[in-house]
Amino acid sequence: MFDAMRYLIPLLLLTSPAYAWEFTPTPICTLTHTEARADMTVTYDHATGVYAIAVTSPNKWPIAPAFSIRFDGPRSNIISTQRHQTDGATLTVSDTGFGNVLDGLEFNTTATAFTQTSAVTVSLDGAAGPVQQFRACAQAPIA
């Protein structure tokens, strides 16, 4: 019995989802994170100079007058906007400056994206390195 468990436990660990922050420089600078509660994607397009963050929740985002993202940890911050778009399960915000968002992702422990009636929280464990790669890509294209 113990021999079977010795092989079964590592196999179960390998099949469980690995939630990680990932950076990709092509075709545009992209930072992604997926977990059961939400998918988060941050992009920067050199051609337009526009940053965007998209938060996709398993539940449909309600139409709301404002969207906020709260970063909890050593450099806590809350950023709010009324310039967001909702398309079913995905809520997107675009802007030409994202310093506060990138600081929030890099230097904190969790991010909570929320409207007046809906919220999702994601872990920022392991985000610092990929955020630094994203920042470098946004300053000078890697590809």
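**Exercise 1. Does A138 count as buried or exposed, and what is its relative accessibility?**

Solution. The model used in these exercises is a predicted one, and the first step is to place the residue: A138 belongs to helix α3. The second step is to compare its accessibility with the cut-off, and because buried means under 20% relative accessible area, A138 with its 11% counts as buried. The third step is to look at the surroundings of A138, which, when neighbours within four places in sequence are left aside, is in contact with C29, Y44, H46 and Y51. As a last step, take the pair A138 and D45, which lie 93 residues apart in sequence, although their C-alpha atoms are 7.8 Å apart in space.

**Exercise 2. Repeat the reasoning for S118: find its place, its class of accessibility and its contacts.**

Solution. Begin again with the position, since S118 sits in the loop that runs between β9 and β10. Its relative accessibility is 18%, so S118 counts as buried. Finally, when residues up to four places away in sequence are not counted, S118 touches W61, P62 and A113.

**Exercise 3. Describe the elements of the chain as a whole, and then its burial and its contacts.**

Solution. Start with the inventory of secondary structure, which comes to three helices and ten strands. Next, read the elements from the N terminus on, which gives the order α-β-β-β-β-β-β-β-β-α-β-β-α. Then turn to burial: the chain has 143 residues, and 36% of them count as buried. Lastly, consider contacts between residues at least 6 apart in sequence, of which 57% join residues at least 24 apart.

**Exercise 4. Work out the arrangement of the six-stranded sheet, and find what packs on it.**

Solution. The first step is the strand order, which in this open sheet of six strands is β1-β2-β3-β4-β8-β7, with antiparallel pairing. From this order the edges follow: β1 (21-24) and β7 (84-87) each have a single partner strand, so one side of each is left without a neighbour in the sheet. Neighbouring strands of this sheet are turned against each other by 15° on average, with direction ignored. For one pair in detail, take β1 and β2 (residues 29-35), which run antiparallel and are joined by four bridges; here F23 stands opposite L31 in β2. The next step is to add the helices, and α2 (residues 99-107) packs on the sheet by touching β1, β2, β3 (38-45) and β4 (50-56), with a direction that makes about 135° with that of β3. Helix α3 (residues 128-139) also packs on the sheet, where it touches β1, β2, β3 and β4, and its direction makes about 155° with that of β2.

**Exercise 5. Which four strands form the other open sheet, and in what order do they stand?**

Solution. The order is β6-β5-β9-β10, and the pairing is antiparallel. At the edges stand β6 and β10 (119-123), each with a single partner strand, so one side of each has no neighbour in the sheet. The twist from one strand to the next averages 15°. Now follow β5 to its two partners, beginning with β6, to which β5 is joined by five bridges in an antiparallel run; in this pair, R70 has I78 of β6 as its bridge partner. The two strands β5 and β6 form a hairpin with four residues between them, and in the turn G73 has a positive phi of about 150°. On pairing with β9 (residues 110-114), β5 again runs in the antiparallel sense over five bridges, and F71 stands opposite A111 in β9. To finish, place the helix: α2 lies across β5 and β6, and runs at about 40° to β5.

**Exercise 6. Characterise the largest pocket by its volume, its lining and the elements that contribute to the lining.**

Solution. As a first step, note the volume of the largest pocket, which is about 190 Å³. The lining of this pocket consists of 14 residues, and those closest to its centre are I79, V93, D95, F98 and V101. Next, ask which elements give two or more residues to the lining, and the answer is β5 (67-72), β6 (77-81), β8 (90-95) and α2. The last step is to sort the lining by class, which gives seven nonpolar, five polar and two charged residues.

How values were computed. Residues are numbered from 1 along each chain as its sequence is written. This is a predicted model: local features need pLDDT of at least 70, side-chain atom pairs count only at pLDDT 80 or more; totals for chains, interfaces and linings use all residues. Side-chain values use heavy atoms; hydrogens and water are left out. Two strands pair if DSSP finds at least two bridges between them. Axes are lines fitted to C-alpha atoms, for helices over the stretch in contact, and angles run from 0 to 180 degrees between N-to-C directions. Contact means heavy atoms within 4.5 Å. On a 1 Å grid over the protein atoms alone, a cavity is a set of points where a 1.4 Å probe fits but cannot get out, and a pocket is an open set with protein on both sides within 12 Å along at least five of seven lines; lining residues have an atom within 4 Å of a point. Grid points are joined across faces, edges and corners, and a volume is the space filled by probe spheres set on the points. Ala, Val, Leu, Ile, Met, Phe, Trp, Tyr, Cys and Pro count as nonpolar, Asp, Glu, Lys and Arg as charged, and the others, Gly among them, as polar. Buried means under 20% relative accessible area, exposed over 50%, partly exposed in between (1.4 Å probe, protein chains only).
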